[in-house]
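Here's a quick briefing to read alongside the model. Have the sequence and the 3D view open as you go.

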Amino acid sequence: MSKTIKKLISTVAIAAVVLAGSMFITTAPVKAQTQAYQMVMHGSTGVYTDTDGVEHSIEFQPWSLQDAIPTGSGNYFLMGDVVLRNVRLDSDACINLCLNGKTITIEDNSSAKAGILLENKNVILNIYDTVGGTIRLSDNSSINNILCVGSGTVNLYGGTITNGPTGVKVDTEGTFNMYGGSISQNGHMDTRYVKAGVSNWGTFNMYGGTISDNSNYGVISEGDFYLYGGSIVGNITGSRQIDVLVRGSNFVRSGGEIGVFEYSRRSVYRWSNKIEFNPNGGSGTMYDAYVWQDVNGGYGRITLPPNAYEKEGQRFLSWNTKADGSGVSFADGAVFTGADAGGDMTLYAQWEDFPALGGTNENADSNANNLGASTTPQTGDSSTLITYIVIDALAAGAGLAMTFKKANFEK
């Protein structure tokens, strides 16, 4: 084989490795940090941008009634302000409601549990807004909750929930997902019930938005609470600030902002165990998790937050109840129970060396060995030879790139 061909093989192989490796070294999408999920109306078409920067559009139909909101499936945007006493969503439905900068005011109705009450496990209410839309109680209303998720699911993407004893109450069968919008200035009315931005007995997942300027709590949780993003700050209890109170419940935090956090027993029979995550020689930031347990043998279940620690020259292997790895092991993202805890405890990160480069990827080895093997054409067919060299080199490069990916990215 001529020196020219050998040099070509070498050059193409190196280029192939670089090219194939670049398939895995990518820049994460820039997330939209401002006005995420804010709806922009173009006639009857609403367009919003999610936190990944992806645009979505929904075809709405106008809602012009001034004394009711939709209770059946469909996409609706408010044409004007609405004043109502209360509404119950108790049948199967998926309702997309855009406040469109308007206000829903709930008048006094002492017999109602909430201004808007979900009472069906198959009802979904998605709330969007352009800018300035609110759902609020009137100043003289004696209703305890603006929005109550008795069962079913509420997804808040925009708008403000305000001026109630409790902004959103989540019962044991309900799920509340907050992606945007705000819950503010609730809890300022006299009531014998809990006053808070969110009172959670069911499942509350917070991905974005703000909960602020509520009294007595921003969030009080006695159910399952997962905090992925958003901000919970500036909520005042009497003369002091309590933004989040976890009371005998499950709580897992992998992001978001909390001003002042507290946890306590729900009663002498039920309490939350605190789980600390120790980097064990690594570095980074992780937040404590909480899982409940009671004296009768009952316990809660949480999904452990993903490992966020790093250690130079090593990759994450698992969690263990002992620093030296001699205790009980738990995989990243494993289900963890109050019975596993049995009290406050620490989980220690376990580390292992990266596999040595070269000889660890069968495809890389076989592809490299195949260079110039049985697929090589007969002498004299130079154009075809170069084609096969490029194909084989790319294959080998892809295999080697997979080795580099495994070594550098699988933590």
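A residue counts as buried under 20% relative accessible area, as exposed over 50%, and as partly exposed in between. By that yardstick Cys94, with a relative accessible area of 34%, is partly exposed, while Cys148, at 0%, is buried. Keep in mind that this is a predicted model.

**Cysteines**
- Don't go hunting for disulfides here: the count is zero.

**Sheets and strand pairing**
- Eight strands make up an open sheet with parallel pairing, in the order β6-β9-β11-β13-β15-β18-β21-β26.
- Its edges are β6 (82-84) and β26 (257-258), each of which pairs on one side only.
- β6 runs parallel to β9 (residues 103-106), and three bridges join the two; in this pairing, Val83 has Thr105 of β9 as its bridge partner.
- Further along the chain, β34 (residues 345-353) pairs with β28 (residues 270-278) in the parallel sense, over four bridges. Ile275 has Met345 in β34 as its bridge partner.
- β34 also pairs with β31 (residues 314-320), this time in the antiparallel sense and over six bridges. Here Ser318 is matched with Gln350 of β34 as bridge partner.

**Nonpolar cores**
- The largest nonpolar core has 47 residues, and Ile116 and Phe176 have the most contacts inside it.
- If you set aside neighbours within four places in sequence, Phe176 is in contact with Val154, Leu156, Val168, Val170, Ile183, Val198, Thr203, Phe204 and Asn205.
- Another core lies apart from that one; it has 20 residues, including Val252, Met286, Val291 and Phe336.

**Salt bridges**
- Searching the whole structure turns up eight salt bridges.
- Arg247 and Glu222 meet through their side chains in one of these, at 2.2 Å from N to O. The partners are 25 residues apart, with Arg247 in β24 (residues 244-247) and Glu222 in the loop between β19 (217-221) and β20 (224-227). Arg247 is partly exposed at 24% relative accessible area, whereas Glu222 is buried at 5%.
- Glu276 forms a salt bridge with Lys274, at 3.8 Å from N to O; Glu276 is partly exposed at 35% relative accessibility.
- Arg315 and Glu352 form another salt bridge, with their closest N and O atoms 2.8 Å apart. Arg315 sits in β31 and Glu352 in β34, so this pair ties together parts 37 residues apart in sequence. Arg315 is buried at 14% relative accessible area, and Glu352 is partly exposed at 26%.
- Lys113, Lys169 and Asp171 are joined into one network by salt bridges that share partners.

Methods:
Residues are numbered from 1 along each chain as its sequence is written. This is a predicted model: local features need pLDDT of at least 70, side-chain atom pairs count only at pLDDT 80 or more; totals for chains, interfaces and linings use all residues. Side-chain values use heavy atoms; hydrogens and water are left out. A disulfide is a pair of cysteine sulfur atoms within 2.5 Å. Buried means under 20% relative accessible area, exposed over 50%, partly exposed in between (1.4 Å probe, protein chains only). Two strands pair if DSSP finds at least two bridges between them. A nonpolar core is a set of buried Ala, Val, Leu, Ile, Met, Phe, Trp, Tyr and Cys residues joined through side-chain atoms within 4.5 Å. Contact means heavy atoms within 4.5 Å. A salt bridge is a side-chain nitrogen of Lys or Arg within 4 Å of a carboxyl oxygen of Asp or Glu.
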